[in-house]
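Colleague: I'd love a close look at a single part of this model, with helix packing and pocket lining included. Please explain the terms as you go.

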Amino acid sequence: MPRQGQSVESCIVTEFKKKVGDKVAVGDVLFSYETDKASFDEESKVEGTVLACFYSENDEIPCLSNVMVIGEPGESFEEFAPSSESAAPSPSGTEPAQAVEEAQVDAAEPEFGAAAAVPGAPVSPRARKLAREKGIDPELVAGSGPGGRVIARDIEAAQGAPLSGLAKSIAGAGGWQAPLRGSGPGGMVKGSDLKEWTPAQTTDGDFTVEKMSNMRKLIAKSMFNSLQNSAQLTHMLGADARTIQALRKKAKRALEEGKIDANITINDFVCYAVIKALQKFPKVNSHCLGDSMRIFNTVNLGCAVDTERGLMVPCIPHAEKLDIIALSKALKKVADDCKKGSINPDLLSSEAASFTVSNLGGFGVEWFTPVINIPQSGILGVGTIVPRPKDIGGGVIAFVPYLGLSLTYDHRALDGGEATRFLKQVAVEIETLDVEF
């Protein structure tokens, strides 16, 4: 399992493209895997036959662990098997002897509490709600109520096996249940052991239940964590967009004439203005750590990117050192890498960026309340440009293009006055931006 970035300790296999016995050539995709937000394909570097596969789909695998063995039929592969603490028995029947013995021992031991549990016993609504919160399968809990009914105190008393890091992450996002004993060493519950919580469905097909992707669960957990652990407030303000519209036309002509080699967009100009404003308001360019602040001397700009797999927020390190052309290229590159699934996971860490910009103007959204990517202290939402009346002097009121700006900030880190002054400075930078091509 490759290490994708210094901060990544394990990855999740989402799909095996090859199975035991398959012949592979150099360049064939062996399996797909993902970190918390980026997905990758692992290609074979040799040709041969798949002799062994030590994991199953959805397993969390430590980086640099052996996942598969490729060689010639009949060759020994046991020496390449990872330790029993990290390897799951392979469903293909090619697992090492030690893993087989552990699986047999696990199968011989009854599940915790299963002997006293009554199959099909009723579960009280309160117990079912509590089981969902604790990630416990109520069907495996012995009931102490009338007729073996499972009640709340039975769920409270249920002591299941420990959960792996992946299982905790998935169960914590909600919608999943853990058995009282899993398939991991010592009965540990792995991510693949969790089963989906399925509510009672109507008989007329009013709805369907769709399993969330691993990435969707992580995004949901991150958003909930952000709103639960910070004091978020949003201020909104409009900026006169005539200057950046003129700059956009100028940049387009320069590109057509071959003077520049970047297609500079409105969003690029806005990000350039935000960087200038952040340098004047360093407390906004910060992380809120509860009882302390991490104030950055450099602008590590995060930019929200919409992909097929979900929202990603890559970082442009040291963005204050880039001119408008270099910034435009950097923003385009990280966006393309996110969409291809080749982005460096270190750039997706919530701590990589010191401030984030999210632009929904392309969808026609005028104002919105973006959610902070904690521990960052703020995020700027950029809306679409719409005409609004403005006094242009001499008693003349004219319609002027305005760009909607929405600043969400952590009130623990910033007072309303400072946040407002920063937002106004962003508008001033947009309205007075001066760029030469």
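Modeller: Happy to! A crossing of two helices is called right-handed if the near helix is turned clockwise from the far one by less than a right angle, and left-handed if it is turned anticlockwise. Keep in mind that this is a predicted model, in which local features need pLDDT of at least 70 and side-chain atom pairs count only at pLDDT 80 or more, while totals for chains, interfaces and linings use all residues. Residues are numbered from 1 along each chain as its sequence is written, and side-chain values use heavy atoms, with hydrogens and water left out.

Let's start at helix H7, residues 266-280. Helices (H or I, at least four residues) and strands (E, at least two) are DSSP runs, numbered from the N terminus. H7 packs with H6, H8 and H9, so let's go through these partners in turn. Axes are lines fitted to C-alpha atoms, for helices over the stretch in contact, and the angles run from 0 to 180 degrees between N-to-C directions.

Helix H6, residues 242-256, has an axis that comes within 9 Å of the H7 axis, and the two cross at roughly 125 degrees. That makes H6 and H7 oblique to each other. Here the words for angles have limits: under 35 degrees is roughly parallel, over 145 roughly antiparallel, 65 to 115 roughly perpendicular, and the rest oblique. The crossing of H6 and H7 is right-handed.

Helix H8, residues 324-340, packs against H7 at an angle of about 115 degrees, with the axes 10 Å apart. H7 and H8 are therefore roughly perpendicular to each other, and their crossing is right-handed.

Helix H9, residues 416-431, packs against H7 at about 130 degrees, with the axes 8 Å apart. This pair, H7 and H9, is therefore oblique, and H7 passes H9 in a right-handed crossing.

H7 and H8 also bring us to the second largest pocket, since each supplies at least two residues of its lining. A pocket is an open set of points on a 1 Å grid over the protein atoms alone, where a 1.4 Å probe fits and protein lies on both sides within 12 Å along at least five of seven lines; lining residues have an atom within 4 Å of a point. About 670 Å³ of space lies in the second largest pocket, a volume being the space filled by probe spheres set on points joined across faces, edges and corners.

Which residues lie nearest the centre of this pocket? They are Asn267, Ala304, Val305, Ala335 and Lys339, out of a lining of 25 residues. H8 gives the largest share of that lining, seven residues. Strands S14 (305-307) and S17 (355-359) each supply at least two residues as well.

In chemical terms, the lining divides into eleven nonpolar, seven polar and seven charged residues. Ala, Val, Leu, Ile, Met, Phe, Trp, Tyr, Cys and Pro count as nonpolar, Asp, Glu, Lys and Arg as charged, and the others, Gly among them, as polar.

One last stop follows on from S17: the loop between S17 and strand S18 (378-393) holds Pro375. A cis peptide bond joins Ile374 to Pro375, with omega about 20 degrees.
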